[in-house]
Amino acid sequence: MTDSAVPATPAPPMDTLLTDIPPSLFPAAAGPGAPVAMALGCFLGAVGLCHFAFRSYFRSLVPSWLAPVSGPLVLVSGVVEILLAVLLFVPGTRSPAAWGAAALITGYLVSHFDALARSDRDARRFLDRPAGGAARVAVNLLYIAWAVTAAVLS
């Protein structure tokens, strides 16, 4: 047996490997807002899936005056969150999707302000106490700021 096999091709230098990747496959090249938007996309996608896995929890967050439609509201909002999450990964739809996320999350304020108005110091569940209601509003405002930041930077 001889070594008359095909000669090995040398590997390209490491510094050219990343430059050969098309920009559409290299998200960081899509702009400074890409990491912020994609992190928001991961978050929305996970929460959207949780709307299906933990329906009763999410229905408990819906105001009592919307109770008759709480099931469909939870499912539709979960689908919208997943759709927005996907769109946040596409450079061309990133900014509109982030604005859509900001609008959706702003809509959730209705639920959080309702919980704050109905809060009870002696409630068993933290989210039903005044501090829990205030925390829900504060966290929701941070999510809105995150989505607006992603929209502006994208």
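Author: Rings of Phe, Tyr and Trp (for Trp, its six-membered ring) form a pair if their centres lie within 6.5 Å; planes under 30 degrees apart are stacked, over 60 edge-to-face, and the rest tilted. The structure, a predicted model in which local features need pLDDT of at least 70 and side-chain atom pairs count only at pLDDT 80 or more, holds 3 aromatic pairs. Side-chain values use heavy atoms, without hydrogens and water, and residues are numbered from 1 along each chain as its sequence is written.

Reader: Why is the aromatic pair of Phe 43 and Tyr 143 called tilted?

Author: The centres are 4.8 Å apart and the planes meet at 45°; an angle neither under 30 nor over 60 degrees is therefore tilted.

Reader: What makes this pair one that ties together parts apart in sequence?

Author: Phe 43 lies in helix 2 (residues 34–53) and Tyr 143 in helix 7 (residues 130–153), so the pair joins parts 100 residues apart. Helices here are DSSP runs (H or I, at least four residues), numbered from the N terminus.

Reader: Why does Phe 43 count as partly exposed?

Author: Its relative accessibility is 24%; buried means under 20% and exposed over 50% (1.4 Å probe, protein chains only), so a value in between is partly exposed.

Reader: Why is the aromatic pair of Phe 43 and Trp 146 called tilted?

Author: The planes of Phe 43 and Trp 146 lie at 40°, with 5.4 Å centre to centre, so the pair is tilted. Phe 43, Tyr 143 and Trp 146 form one aromatic cluster.

Notes. Helices (H or I, at least four residues) and strands (E, at least two) are DSSP runs, numbered from the N terminus.
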